[in-house]
Amino acid sequence: MSGREELELLSSRFFDGDLTAQENARLEAALAADPELRELHADLMRAHQGVAMLASAHPLPQDFTRRILAALDQDTAAQAGTGPGAVIHQLPKRHWTTLIAAAAAVVLAIGLVFGASYLSENPPTVAPPVAKGGEKPVIGPEVVQDTRPRAEVVALSSGAMRLTDGAGATSQQTSVTGQVILPATVQAPADAHVLVRVGGGTAIVPPGATVRLSDVDADGVPNLESVDGDLYLESGDKQVSTRVNNVRLSLRRGGMTLRRTENGVVAEPSFGFASIGSSQVSFRQSALINGDTFEVSPCPNPVLDDWAVEGRLDAIKLQLRDVLGAEYPKFEQTLGKSLESMLRGILANPSEAATNSRMLHFFVKHGWLDDRPESERQAMRNIADIIGQGTTDADVPVPVRQLFAQLEEELKKNPDAIRDFARMMREALERRGDHHRKRGG
Amino acid sequence: MTDGPEDTQALVLRARSGDKLAFELLVSRYEHGVYIHMLSKTGDPERSQEVTQDAFITAYTTLARLEKPASFRSWVIGIALNLSRRRKKEVANLDLLEASAEKRESGALAAITNEKVDAVRRAIAELPENYRDALLMHYFDKQRGKAIGQELGVSEGAVHMILLRARKALAEKLQAFAPE
C-alpha cells in the first residue's frame with residue numbers, strides 16, 4: 001500500500017473514531033501540508049455527515065424492538081399461521097415522518113400560540129406564567145432563622161392542588177414555584193393531574209392522589225413519595241430515590257409507575273435504570289411490594305399509563321392558557337386536539353421528548369421569539385422543560401445531537417439564518433392559520 | 001456494539017432453540033440497518049418500518065430454514081425485500097395519497113433537511129452492494145471492521161478500504177451539497 005493510500009485510509013478511519021493518538025497526529029500533519037488530502041477529507045466528511053443525517057431523519061421508534069416482540073407473542077399465541085400480514089396493525093397509524101420533522105412540527109404547533117396573529121390581532125397581555133419564588137416560603141409566614149429544611153419546588157396543575165407544608169400551612173393554587181418547608185404534601189384536585197418537580201425528580205400525580213415531599217434518606221436531596229393513589233416518577237441524570245413502606249427504590253434516567261393494588265404496591269419501570277431494594281429491575285419487570293418485602297416478576301408488555309402522559313399534557317396546557325388568556329378556548333377548539341395528539345406521542349417516547357425539548361430551547365436561545373414578551377419566552381422554556389422531563393442529552397439520538405452542533409456552527413457563521421428561519425416559520429404559521437380560518441376555526 | 005458474526009451465529013442457534021432473549025438481541029442489533037436498507041429501496045419510511053417488523057417476525061418463525069446462521073442480517077433483508085415486493089402493488093394507490101399528505105405536514109425545518117436526506121437515501125441505494133452493506137453495517141448496526149469483514153467475507157483491512165471507497169462514492173453523488 002502506498003503512502004498516499006495509507007493517508008486516505010487514515011482520513012476515512014478518522015470518521016470511525018478509532019485512530020490512535022499517533023495516527024491522529026500523522027493525519028493532522030498530512031492534512032496541514034496536503035491540499036488534495038484536505039479536499040478528500042472534506043469529501044469524506046460530507047459523506048459521513050450525509051449518512052448521519054439520514055440516521056437522524058429516519059430513526060426507529062425507541063420501542064420498535066418491543067413492538068416486534070409483542071407482535072411475535074401475538075403471532076405465537078394465535079398459532080393460526082396467519083402470516084406476517086396479520087400484525088401490520090401493531091405499527092402506529094400516525095405518520096412516522098422524522099424525528100426532526102416531528103420536532104419542527106411541535107415548534108410550529110406551539111409556535112402558533114406564540115406567533116399566532118390569526119387568533120388575535122392584539123395578543124393578550126400576559127402575566128408571568130408562574131409566580132417567582134424567593135427566600136420566603138411560597139406559603140405560610142416567613143419565620144426568621146427558621147431552620148426547618150426547605151426545597152425548591154415547581155408544581156403545576158390545570159386545577160387547584162392542595163399544598164400543605166412542613167409548618168402546617170395550606171394553600172390551594174394551580175402553580176407553585178419557590179421554597180417550600182419540608183415535609184410537604186401535594187394533593188391533586190379530583191379532576192386534574194399535578195406535575196411536581198423537586199430534587200432532580202419529577203412526579204406526575206393523578207387526580208385525587210397525594211405525594212409527599214421529604215428528605216427520606218437525609219442526604220440533603222428531597223424525595224417524592226406516594227402517600228395515596230398512584231404515582232409516576234421520572235429522573236434525569238441524577239439518581240432519584242423514593243420508598244414504599246421501608247423498601248427503597250431508586251431511578252436514574254428513567255421512569256417508574258407506582259400503582260396501588262389490593263395485594264400491595266406494584267412498581268413498574270417504564271425505561272431507564274431502576275433498582276428496588278438491592279435488585280436491579282428493567283422495564284420488562286415489575287415488583288410487587290407488600291409490607292417491607294417485595295417480589296420481582298416479568299412484565300412482558302409494560303405500557304406507560306395514560307395519566308402519566310396526561311399529567312404533563314395538563315401542565316403544558318396550563319402554560320398555553322396563561323399565554324393566551326381569554327383566547328385559549330378558541331385555540332383549544334381549532335388546534336388543541338391535533339397538538340394534544342402530537343404531544344401524547346412525543347411525551348410517551350423519551351427520545352422524541354428529549355429531542356423536542358431541546359429543539360424548543362434551541363429556538364428560544366437563538367432569538368426566535370425575541371420580538372415577543374419575556375413572559376412568553378419563559379412559557380416556551382417551561383413547555384420545553386415539561387416535554388423534556390426525565391430525559392437527558394443522552395436520550396437525544398447521536399446524529400440529532402450532531403445536527404444541533406452543525407446548526408450552532410451555521411448560526412455562528414450566519415447569525416441572520418435564525419431570522420430567515422423565523423420568517424419561514426411565520427409564513428408556515430400564517431398558512432396554517434389561514435387553513436384553520438377556512439375550516440371555521 | 002462489538003459483537004461479531006460468531007456471536008450472531010450463537011444467538012441464532014439459541015433463538016432456534018426457543019431463547020427469545022437471543023432473538024431480541026438479534027432484532028435490536030439489526031433492525032435499524034434493515035430498516036434503512038429498505039428505506040433506501042422504497043423511500044417510504046412507514047412501509048419500510050412495516051416490512052422490517054414483518055421480516056423479523058417471519059425470520060423468527062422460519063429460523064430453522066436459515067442455512068448460514070452467521071448471515072442472519074442478509075437473510076432478513078432478503079425476506080424484507082420479498083415482503084416489500086409483494087405489497088408494493090397493493091399499496092401503490094395508497095402511497096400516492098400518503099405522499100401528498102406527508103408533503104402537507106412537513107415542517108419548515110424538514111423542508112430544509114429533506115432534500116439532502118433524500119439525496120443521501122438515493123445515493124446509498126445506487127452504491128455497489130458491498131459498499132452499501134459495509135456502510136449500513138457500520139453506521140446502523142454499529143458493527144466494526146472485523147465483524148463487517150466476516151459478514152462480507154473479507155479481511156478487516158479490506159473493510160477499511162471498502163468504507164473509504166464507499167465514502168468517496170457517496171461524496172461524489174452528494175457533490176451538489178458541497179460548499180462552494
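A residue is taken as buried when its relative accessible area is under 20%. By that cut-off A:His48 counts as buried, because its relative accessibility is 16%. The model discussed here is a predicted one, and A:His48 offers a convenient way into it. This histidine belongs to helix α3 of chain A, which covers residues 35–57. Once neighbours within four places in sequence are set aside, A:His48 is in contact with A:Phe15 and with B:Tyr139. One partner thus comes from chain A and the other from chain B.

The helix that carries A:His48 also packs against helix α1 of chain A, residues 3–13. Two packed helices are described by the angle between their axes and the distance between the axes. For α1(A) and α3(A), the axes come within 9 Å and cross at roughly 35°, and the crossing is right-handed. On the α1(A) side the contact is made by A:Arg4, A:Leu7, A:Glu8, A:Ser11 and A:Ser12. These meet A:Glu36, A:Leu37, A:Leu40, A:His41 and A:Leu44 of α3(A). In character the contact is mixed, with 4 nonpolar, 3 polar and 3 charged residues. An α-helix has 3.6 residues a turn, so residues three or four places apart point the same way. That spacing is worth keeping in mind when the two helices are viewed together.

Attention can now turn to the nonpolar interior. The largest nonpolar core has 60 residues. Those with the most contacts inside this core are B:Phe23, B:Leu26, B:Val34, B:Phe56, B:Phe72, B:Phe140 and B:Leu170. Helix α2 of chain B, residues 20–42, gives the most to the core, contributing 10 residues. B:Phe23 shows how contacts here reach across the two chains: with residues up to four places away in sequence not counted, this phenylalanine touches A:Leu69 and A:Leu72 as well as B:Ala15, B:Phe56, B:Tyr60, B:Leu63 and B:Phe72. A second, separate core has 36 residues, among them A:Val176, A:Val194, A:Leu224 and A:Val247.

The make-up of the chains comes next. Chain A has 441 residues, of which 54% are buried, and holds 11 helices and 14 strands. Of its contacts with a separation of 6 or more, 57% are accounted for by residues 24 or more positions apart. Chain A exposes about 19,400 Å², and carbon and sulfur atoms supply 50% of that area. Chain B has 8 helices and 0 strands, following the pattern α-α-α-α-α-α-α-α along the sequence. Of its 180 residues, 54% count as buried. Among chain B contacts between residues at least 6 apart in sequence, 67% join residues at least 24 apart. The exposed area of chain B is about 8,300 Å², with 51% supplied by carbon and sulfur atoms.

Two helices of chain B deserve a closer look. In α7(B), residues 145–152, the buried residues include B:Gly145, B:Ala147, B:Ile148, B:Gly149 and B:Glu151. The helix is followed by B:Gly153, whose phi is positive, near 75°. Helix α8 of chain B, residues 156–173, contains B:Met161. This methionine counts as buried because its relative accessibility is 14%. B:Met161 and B:Tyr131 are 30 residues apart along the chain, yet their C-alpha atoms are separated by 9.9 Å.

A comparable pairing is found in chain A. A:Thr355 sits in helix α8 of that chain, residues 350–365, and counts as buried because its relative accessibility is 0%. From A:Thr355 to A:Phe404 the C-alpha distance is 9.9 Å, for a separation of 49 residues in sequence.

Finally, two loops of chain A invite inspection of the backbone. Most residues other than glycine have a negative phi, and most peptide bonds are trans. The peptide bond from A:Leu182 to A:Pro183, however, is cis, with omega near -10°. A:Pro183 is placed in the loop between β2 (170–181) and β3 (184–187). A:Asn245, a residue other than glycine, has a positive phi, near 55°. This asparagine lies in the loop between β9 (240–244) and β10 (247–261). A:Asn245 counts as partly exposed because its relative accessibility is 44%.

Notes:
Residues numbered from 1 in each chain as written. Chains lettered and ligands numbered in written order. Predicted model: local features only at pLDDT ≥ 70, side-chain atom pairs only at ≥ 80, totals over all residues. Heavy atoms only, no water. Helix = DSSP H or I, 4+ residues; strand = E, 2+ residues; numbered from the N terminus. Buried < 20%, exposed > 50% of the residue type's maximum accessible area, 1.4 Å probe, protein only. Contact = heavy atoms within 4.5 Å. Axes fitted to C-alpha atoms, helices over the stretch in contact; angles between N-to-C directions. Left-handed = near helix turned anticlockwise from the far one by under 90°. Nonpolar A, V, L, I, M, F, W, Y, C, P; charged D, E, K, R; others polar. Core = buried A, V, L, I, M, F, W, Y, C linked by side-chain atoms within 4.5 Å. Areas by Shrake-Rupley, 256 points an atom, 1.4 Å probe, with all protein chains shown as cover.
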